[in-house]
Amino acid sequence: MDILSNLTLGFGVAVTLQNLAYCFIGAFLGTLIGVLPGIGPVATVAMLLPLTFSLPPATAMIMLAGIYYGAQYGGSTTAILINIPGESSSVVTTIDGHQMAKQGRAGPALGMAAIASFVAGSVATLVVALFSPPLAEIALQFQPADYFSLMVFGLVGAVVLARGSLRKAIAMVIVGLLLGLVGTDVNSGQQRFTLGIPALAEGISFAALAMGMFGVAEVIYNLEQRAAERQVRIGGIGRVMPSLADLRQCMWSIARGTGLGSLLGILPGGGALLASFAAYTVEKKVAREPRTFGHGDIRGVAAPEAANNAGAQTSFIPMLTLGVPANPTMALMIGALMIQGIQPGPQVMLQRPELFWGLVASMWIGNLFLLLLNLPLVGLWVRLLAVPYRLLFPAILMFCCIGVFSINNNAFDLFQLVVFSALGYVLLKLGCEPAPLILGLVLGPMMEEYLRRALLISLGDPMVLITSPLSAAFLFASLVLLVSIAVPMIRAQREVAMKE
Amino acid sequence: MAIAFILLARGYRIGTPARMGPGFFPIVLGGILAVLGLSLSIPALIRDGEPLPRLGLRPLLTVLAAIVVFALLLQPLGFVLSAVVLVLVSGFADPELRRIESVGLALLLTAFSVAIFVALLGLPFNLWPAL
């Protein structure tokens, strides 16, 4: 019954007029911007992050969460209509979704995506509510050494699931960790790597880095790719509501997708992506006539959409209970929490129950908003898709600039933005993913802190990392992951999976 | 490809020389990174072929210049003027953007941002040049 009273508390927080309004605005803005071609959820959250700084913490998190699943859904819309996935986890949706659109069934595809997302979101929210408290309880007993190893594990997971070269991904993580160390050392007050610039004593501006890497760098990259201008041709949408037959056909697909998504979303390193691939594969295996998949089978939309939304939801679990982000968006959330002055980790749930349960309750409300928004407003989103990029990119730039500047009212942050935009662009060009970097940046200071504390307690004996059973387990798991990915056979499979 | 990697790898090694004590963590990380950087750049050096991907200089430089100009103008000229300049300059990044569109966009976006960020959210911007 504990959970009931907690949920009541949560709904009490979430159903205030202010929080409802921000939840709605978040979901709306998220979808709005997520629908725009070439802007994924990470960029959307990064861009809108500054909007939340002036809000109280719970409201800020509620709004950011709304933005996140709004953007996620917006990505699916572009996947179905113009075959451009907003992000990697809606790649699978393009396979059958775009086929459906070509056959003039874009409406039902979009509607089914919305319904599947809603069902999955509701179930996954329940999963978050059920499993977070016990997990946090366990996490509270963690020693510093365990934390350190847990973070190593989280980072390794992120690396393994990154696309492209493994070594590049590891290098990115470490660059991120190092960048995270810039600024005043917590223990000694020493200034490190500040190059003598006083403004860097506070550390690197997290928002500047996120927006530079995911916002501006993408803009530059997209501008350059103009030669291969994508043709946006959108046929009729048709009826949005899927028929009863469609619904009946998809019921189990949605259920399976939800289950898979909830499970895989907890894993570090972008569970939503994995979940959507897995869900699609399972559907294909389970279906009686698998040949219709790839030719506009509605189940091929329902299952992965349910999975990626469930995964998006449950990826909050490690973020909220352990303070370890499962994907770049969660890293941004942690950044937002820290800007709000809240140290993420298991103690959040105890010290700020209104924040935690309010967020959980708002997840469900946000999903409801999304459903209500998306079914009637599909027409509007479609028209947005037609906005040419040349009118779009100056707006993105302006939002990034305002956002970065507004955090500290400091023009120096804008120069950081310039530097990280350039860096982000070069990295994109070299095929290095920025996602591991940002995870590293967020985890860097925490990891150092925990490692130091662990060594302090053990009087400088590094064996503490291995003698503590939990820590050893995490390190061992990381090692297994790394080795398994380095083995050529599995690597080949991974590449196949990524290519699909 | 190779040149860029060397540059990166060199950037990596700069991470190493930190102070002792607080420098422990950075040194270890810097070490790993240096090794990785080398392991990425040496093969890239030996195996010639794959040329460095061509950088699209025009969008890169114009977009970055636009932000720099914005940063420099913001304090002396106020938000409205610098925002207009930001959009106008960034417009040069895309040859397809017509001049008139660019001007219209600049005015529209600036008005929009003032409405949202200053009027609605109350961010403390100086709108006009300080007199």
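# Exercises on a predicted two-chain model

Helix α2 of chain A, residues 17-35, has 19 residues and reaches 27 Å from its first C-alpha to its last, close to the 27 Å expected at 1.5 Å a residue. The model treated in these exercises is predicted.

## Exercise 1. Burial along α2(A)

Determine which residues of α2(A) are buried, and decide whether A:Leu17 is buried or exposed.

Solution.

Step 1. The buried residues of α2(A) include A:Asn19, A:Tyr22, A:Cys23, A:Gly26, A:Ala27 and A:Leu29. The list continues with A:Gly30, A:Thr31, A:Ile33, A:Gly34 and A:Val35.

Step 2. An α-helix has 3.6 residues a turn, so residues three or four places apart point the same way.

Step 3. A:Leu17 also belongs to helix α2 of chain A. A residue counts as exposed if 12 or fewer other C-beta atoms lie within 10 Å of its own. A:Leu17 has 7 other C-beta atoms within 10 Å and is therefore exposed.

Step 4. For its position in space, take A:Leu135 as a reference: the two residues are 118 apart in sequence, and their C-alpha atoms are 31 Å apart.

## Exercise 2. The packing of α2(A) against α3(A)

Find the angle at which α2(A) and α3(A) pack, and name the residues that meet.

Solution.

Step 1. The axes of α2(A) and α3(A) are 9 Å apart, and the packing angle is about 130°.

Step 2. Angles under 35 degrees count as roughly parallel, over 145 as roughly antiparallel, 65 to 115 as roughly perpendicular and the rest as oblique. The two helices α2(A) and α3(A) are therefore oblique to each other.

Step 3. The crossing of α2(A) past α3(A) is right-handed.

Step 4. On the side of α2(A), the residues in the contact are A:Leu29, A:Gly30, A:Ile33 and A:Gly34; on the side of α3(A), they are A:Pro41, A:Thr44, A:Met47 and A:Leu48. Divided by class, the contact of α2(A) with α3(A) has five nonpolar, three polar and no charged residues.

Step 5. The four contact residues of α2(A) also appear in the list of buried residues: A:Leu29, A:Gly30, A:Ile33 and A:Gly34.

## Exercise 3. The packing of α3(A) against α14(A)

Establish how α3(A) and α14(A) are oriented to each other, and which residues they bring together.

Solution.

Step 1. Helix α3 of chain A covers residues 41-48, and helix α14 of chain A covers residues 328-339. Their axes come within 9 Å and cross at roughly 15°.

Step 2. It follows that α3(A) and α14(A) are roughly parallel to each other.

Step 3. The crossing of α3(A) and α14(A) is left-handed.

Step 4. From α3(A), the residues A:Pro41, A:Val42, A:Val45 and A:Ala46 meet A:Pro328, A:Thr329 and A:Leu332 of α14(A). The contact of α3(A) with α14(A) comprises six nonpolar, one polar and no charged residues.

Step 5. A:Pro41 takes part in the contact with α2(A) and in the contact with α14(A).

## Exercise 4. Helix α18(A) and its contact with α9(A)

Check the span of α18(A), then describe how α9(A) packs on α18(A).

Solution.

Step 1. Helix α18 of chain A, residues 411-429, has 19 residues, which should span 27 Å at 1.5 Å a residue; the end C-alpha atoms are 28 Å apart, in agreement.

Step 2. Among the buried residues of α18(A) are A:Asp413, A:Gln416, A:Leu417, A:Phe420 and A:Leu427. A:Leu427 counts as buried because 22 other C-beta atoms lie within 10 Å.

Step 3. Helix α9 of chain A, residues 206-224, packs with α18(A) at about 55°, the axes being 7 Å apart. That angle makes α9(A) oblique to α18(A). The crossing of α9(A) and α18(A) is right-handed.

Step 4. The contact includes A:Ala208, A:Met211 and A:Val216 of α9(A), and A:Asp413, A:Phe420 and A:Leu428 of α18(A). By class, the contact of α9(A) with α18(A) has 12 nonpolar, four polar and one charged residues.

## Exercise 5. The two chains

State how many helices and strands chain A has, and give the corresponding account of chain B.

Solution.

Step 1. Chain A has 22 helices and two strands. Chain B has five helices and zero strands.

Step 2. In chain A, 61% of the 500 residues count as buried; in chain B, buried residues make up 36% of 131.

Step 3. Among contacts with a separation of 6 or more, residues 24 or more positions apart account for 80% in chain A and for 53% in chain B.

Note on methods:
Residues numbered from 1 in each chain as written. Chains lettered and ligands numbered in written order. Predicted model: local features only at pLDDT ≥ 70, side-chain atom pairs only at ≥ 80, totals over all residues. Expected span 1.5 Å × (residues − 1). Buried ≥ 20, exposed ≤ 12 C-beta atoms within 10 Å, placed from the backbone. Axes fitted to C-alpha atoms, helices over the stretch in contact; angles between N-to-C directions. Left-handed = near helix turned anticlockwise from the far one by under 90°. Contact = placed C-beta atoms within 7 Å. Nonpolar A, V, L, I, M, F, W, Y, C, P; charged D, E, K, R; others polar.
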